[in-house]
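Reader: I would like to go through the labels given to this structure and see what each one rests on. Please set every value against its cut-off.

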Amino acid sequence: MADWYLLAKQGGPLQGEISLGGAKNAVLVIMASLVLTRGTSRLKNVPASSDVLHMIDLLRSLGAHVSFDAKQNVLDVDTTFVNKWRVSPDIMRKMRASILVMGPLLVRFSKAEIALPGGCVIGSRPIDYHLKNFAKIGVTIAERGAYLNVHTKQLCARELVLDYPSVGATENLMMAAACTPGITTIINAALEPEVLDLIEVLKKMGAAIRILPPAVIEITGVSELRPIEHDVVVDRLEAGVLLLAAAITGGSVSLPAARADHLDLFLLKLEEMGHKIIVGDNKRGVTLAATDAPKAVSFKTAPYPGFPTDLQAPMMALQCIAQGKSVVEETVFENRLLHVRELQKMGAQIDLHGHQATITGVDELYGAQVIATDIRASSALVLAGLVAKGSTVMTGVQHWLRGYERLEHKLSRMGADIELRQGDWRHIKTYQQDSLSSSL
Ligand code: UD1
């Protein structure tokens, strides 16, 4: 995506009622799970983000027939003719979530060849929890060149204990166990709303799955799974960014489809900042009216129901212009604070010590040329750009497009001056370059 950039200009309070798309993190794994079935499934509320398009490429490369109506957000996948079990390095490079087809391919073919994922900017992101537990259920794993070759004579049901409640490992193992004779238990499982949406899908397919408090998933293997129709759960992370956009600009927003029960701690922190939050009946629908004197709040990321790591970066953008000091600690990923350097370029006062950032709120941010290094960093920089003096140019736009479907349009509808553009951005004067040239 060379030469694509987002241009954001300082504007007034954002306002509006906005609809939400389906959760990217739910739909990717649900698409992978379709390999467990033979026939045509229909998914609705599928966001047209580039990761979804990459997963479509992956499914096609395995032999699935896929048609996607991006306007209606409806995806039809026919898995009858899936006849390959290899994920190429090219597909894996575009999207690490490709690893999620390993479980379904093992069920379908008793083997898979998956390109090694390698490191990524937000940390090394190993897949050892996946592999260690696949080995426990009877999978032989070998590294051959650029590929991981896995095969099994027979998957076997076991009690599995995760070192950490990894979302991807929970999902991959659960899909593998769905058709494995006997009872598999996953102890210390991840229970993020996206994992729960996958469970709902697997149950519709005919799987027998129970959640046992506090964090155990019990799967009783069945012999066959059938195609399904499913409405993907709304994206709590998109909801989070829209609420933050209203909050940082001193505006208001109403999200009738938002699931407040998926955002509890995040909403509490917004309230602690002084913003008014109204939640609808049965925790459906969230409205935010911003305070004009936001107080800084501290938070620490953790697996669900803790503060979502995917909202850490955008929430940090708010702390940069809140009153007082806040401490933000990232505990889920080892290197997910790369946006700090970019926010500093915009005038934010942030001290970074390892996984912890101490932010002292300032009165103003300044437009600058910034680079998004991952999906969530991109939303932090866009939010900062909405209030920073002058213009902000954000490159690294491919991350924004991977995670969010036309979110810049939704922000525009709320009154933001933001545009996705292609061309040479180097000539655009950000606030900082403007003040530099006038001081010369
Ligand atoms: C998923 C989400 C991502 C979110 C994350 C945590 C998708 C497509 N992505 O990523 O947006 O930020 O959950 O909520 O759903 N780890 C290991 N070994 C493993 C697996 C994970 O050490 O085998 C580590 C990771 O490096 C990370 C932590 O465990 O530090 C959590 O990772 P995990 O929950 O697995 O995240 P993903 O499934 O990759």
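Author: Start with Arg 86, which lies over the face of Tyr 147 at 4.6 Å from the ring centre. The model is predicted, so local features need pLDDT of at least 70 and side-chain atom pairs pLDDT 80 or more, while totals for chains, interfaces and linings use all residues. Residues are numbered from 1 along each chain as its sequence is written, and side-chain values use heavy atoms, with hydrogens and water left out.

Reader: What makes Arg 86 count as lying over the face of Tyr 147?

Author: A charge sits over a ring if NZ of Lys or CZ of Arg is within 6 Å of the ring centre and within 35 degrees of the ring normal. The distance for Arg 86 and Tyr 147 is 4.6 Å, so the distance condition of within 6 Å is met. Arg 426 lies over the face of Trp 425, at 4.6 Å from the ring centre.

Reader: Why is the pair of Trp 85 and Phe 109 called tilted?

Author: The count of aromatic pairs comes to four. Rings of Phe, Tyr and Trp (its six-membered ring) pair if their centres lie within 6.5 Å; planes under 30 degrees apart are stacked, over 60 edge-to-face, and the rest tilted. For Trp 85 and Phe 109 the centres are 5.2 Å apart and the planes at 50°, so the pair is tilted.

Reader: What parts does the pair of Trp 85 and Phe 109 tie together?

Author: Trp 85 is in the loop between strand 5 (74-78) and strand 6 (86-87), and Phe 109 is in helix 4 (residues 102-109), so the pair ties together parts 24 residues apart in sequence. Helices (H or I, at least four residues) and strands (E, at least two) are DSSP runs, numbered from the N terminus.

Reader: Is Trp 85 buried, exposed or partly exposed?

Author: Buried means under 20% relative accessible area, exposed over 50%, and partly exposed in between (1.4 Å probe, protein chains only). Trp 85 has 26% relative accessibility, so Trp 85 is partly exposed. Cys 179, at 18%, counts as buried, and so does Cys 320, at 0%.

Reader: How do you know that Cys 179 is in no disulfide?

Author: A disulfide is a pair of cysteine sulfur atoms within 2.5 Å. A search of the whole structure finds zero disulfides. The nearest cysteine sulfur to Cys 179, that of Cys 156, is 15 Å away, so the pair does not meet the cut-off of within 2.5 Å.
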